[in-house]
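Work through the exercises below with the sequence and the model open. Each task is followed by a stepwise solution.

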Amino acid sequence: MPTTKTKPPQVTLRSDTPAAEGYRMPAEWEQHSSTWIAWPHNPEDWPGKFEPIPWVYAEIVRHLSAGEKVNILVNDAVQREAARKVLRQARVDTLQVRFYTQPTDRVWTRDSGAIFVAKSGGRKPGKLGATLWRFNAWAKYSDWTKDQYVSALMASATEAEAWQPVVNGGKKQTRLVLEGGSIDVNGQGTILTTEECLLSKKQQRNPGVTRAQYEKGFAEYLEAPNTVWLKNGIVGDDTHGHVDDMARFVAADTVLIASEKDKRDENYELLRENIERLRAARLENGRRIKVKTLPMPRPVFFQGQRLPASYANFYIANGTVLVPTFNDPNDRVALNTLAEIFSKRKVVGIYCGDFIWGLGAIHCMTQQQPAV
């Protein structure tokens with residue numbers, strides 16, 4: 001097991017930008033060296049339903065570890081041994097698992113963790129980079145003081161070149177807030193996001209930051225100079241507009257977007273508008289985006305609250321695509337749709353009826369580390 005740190009990790013930050021040095025954010029379907037997750041530990045994230053959650057994690061890790069390393073953040077040695085016990089009982093190949101001691105508030109590594117970038121080495125090994133965006137718990141919760149260090153731990157553990165994305169405003173530099181679930185890229189220069197998440201005044205992630213400044217940041221730090229702005233995220237999304245619950249690149253020229261057929265459903269009109277925006281948008285090469293649709297499950301409620309149940313929150317791993325399912329008739333439609341798109345990968349449904357009570361699913365809990 002690698003040497004780990006329990007204090008906020010120290011990383012050396014570069015003053016240039018990743019794009020200036022030839023780094024880009026690869027698409028999720030490109031080869032990974034590993035996936036990062038944080039082991040669940042806070043029962044308050046799943047009130048009354050926490051007991052099955054570690055077993056859902058174990059099932060996900062079992063599938064991931066068949067094709068890549070899995071890096072798991074734990075709060076301490078006690079939690080590490082508890083996680084190891086569950087994984088062994090679930091018949092996970094623990095030789096594919098590496099534990100890192102880094103306390104967390106929550107487990108949504110997609111949002112609190114580093115967003116990795118990579119630089120091709122040609123005939124030589126490539127280089128790994130990490131962009132360390134500021135995390136403030138979706139501008140919504142107060143308990144994020146531990147999660148803010150997750151990205152630095154990931155950069156330190158991987159010995160990646162590291163950048164803290166900033167925006168310039170007059171004489172002042174402001175570190176940008178950005179969650180990994182709020183964006184999706186095709187790896188060729190186009191990025192998806194939503195106006196609700198980043199531009200809505202009520203969200204206050206980055207007060208005063210303009211559309212043009214975001215686009216400049218995407219170009220400089222992720223090598224994605226072409227931004228496609230969708231409008232609103234799905235109903236029940238605790239993050240207010242994350243794109244990974246709704247629309248995902250599945251190829252360099254193709255976006256798979258959720259669609260609602262029931263005109264009485266709150267998601268019907270907002271998804272219809274986003275589909276229209278996609279069809280009118282252009283890729284980095286000027287071509288139109290190929291748009292494919294994915295059904296929505298029937299609305300999922302618990303304790304009177306609508307939850308962000310969506311098949312779009314899938315995760316593309318090496319050789320596998322893990323898809324949230326909800327014991328719904330559309331489960332099979334969604335799995336078949338993804339199986340047609342990812343014909344060379346094994347498409348696996350993971351039951352998330354309990355998991356979604358935590359207001360996130362498979363994509364939210366994972367963060368890919370690209371192979372270099």
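**Exercise 1.** In this predicted model, is Arg306 buried or exposed? Then find its salt-bridge partner and place both residues in the chain.

Solution.
1. Arg306 has a relative accessible area of 12%. The cut-off for buried is under 20%, so Arg306 is buried.
2. The salt-bridge partner of Arg306 is Glu266, with the closest N and O atoms 3.9 Å apart. The limit for a salt bridge is within 4 Å.
3. Arg306 belongs to strand S16 (residues 305-306), while Glu266 sits in the loop between strand S13 (254-259) and helix H8 (267-280). The two are 40 residues apart, and the pair links distant parts of the chain.
4. Glu266 has a relative accessible area of 55%, and the cut-off for exposed is over 50%, so Glu266 is exposed.

**Exercise 2.** How far apart along helix H7 are Lys216 and Glu220, and what joins their side chains?

Solution.
1. Both residues lie in helix H7 (residues 211-222), four residues apart, which means a separation of about one helical turn.
2. Their side chains form a salt bridge of 2.6 Å, taken from N to O.
3. Lys216 is partly exposed at 48% relative accessibility, and Glu220 is partly exposed at 23%.

**Exercise 3.** Which residue forms a salt bridge with Asp16, and how many salt bridges are counted in total?

Solution.
1. The partner of Asp16 is Arg14, with 2.7 Å between the closest N and O atoms.
2. Asp16 has a relative accessible area of 24% and is partly exposed; Arg14, at 27%, is also partly exposed.
3. The total count is 27 salt bridges.
4. Some residues are linked in a network of salt bridges: Glu195, Arg211, Lys231, Glu273 and Arg277.

**Exercise 4.** What is the strand order of the open sheet of three strands, and which helices pack on this sheet?

Solution.
1. The order is S17-S18-S19, and the pairing is mixed.
2. Strand S17 (315-317) and strand S19 (346-351) each have a single partner strand, so they stand at the edges, with one side of each lacking a neighbour in the sheet.
3. From one strand to the next, the twist averages 25°.
4. Strand S18 (residues 320-325) runs parallel to S19, and six bridges join them. Val321 has Val347 in S19 as its bridge partner.
5. Helix H1 (residues 53-64) lies across S17, S18 and S19, at about 170° to S19.
6. Helix H9 (residues 330-341) packs on the sheet and touches S18 and S19, with its direction at about 155° to that of S19.

Conventions
Residues are numbered from 1 along each chain as its sequence is written. This is a predicted model: local features need pLDDT of at least 70, side-chain atom pairs count only at pLDDT 80 or more; totals for chains, interfaces and linings use all residues. Side-chain values use heavy atoms; hydrogens and water are left out. Buried means under 20% relative accessible area, exposed over 50%, partly exposed in between (1.4 Å probe, protein chains only). Two strands pair if DSSP finds at least two bridges between them. Axes are lines fitted to C-alpha atoms, for helices over the stretch in contact, and angles run from 0 to 180 degrees between N-to-C directions. Contact means heavy atoms within 4.5 Å.
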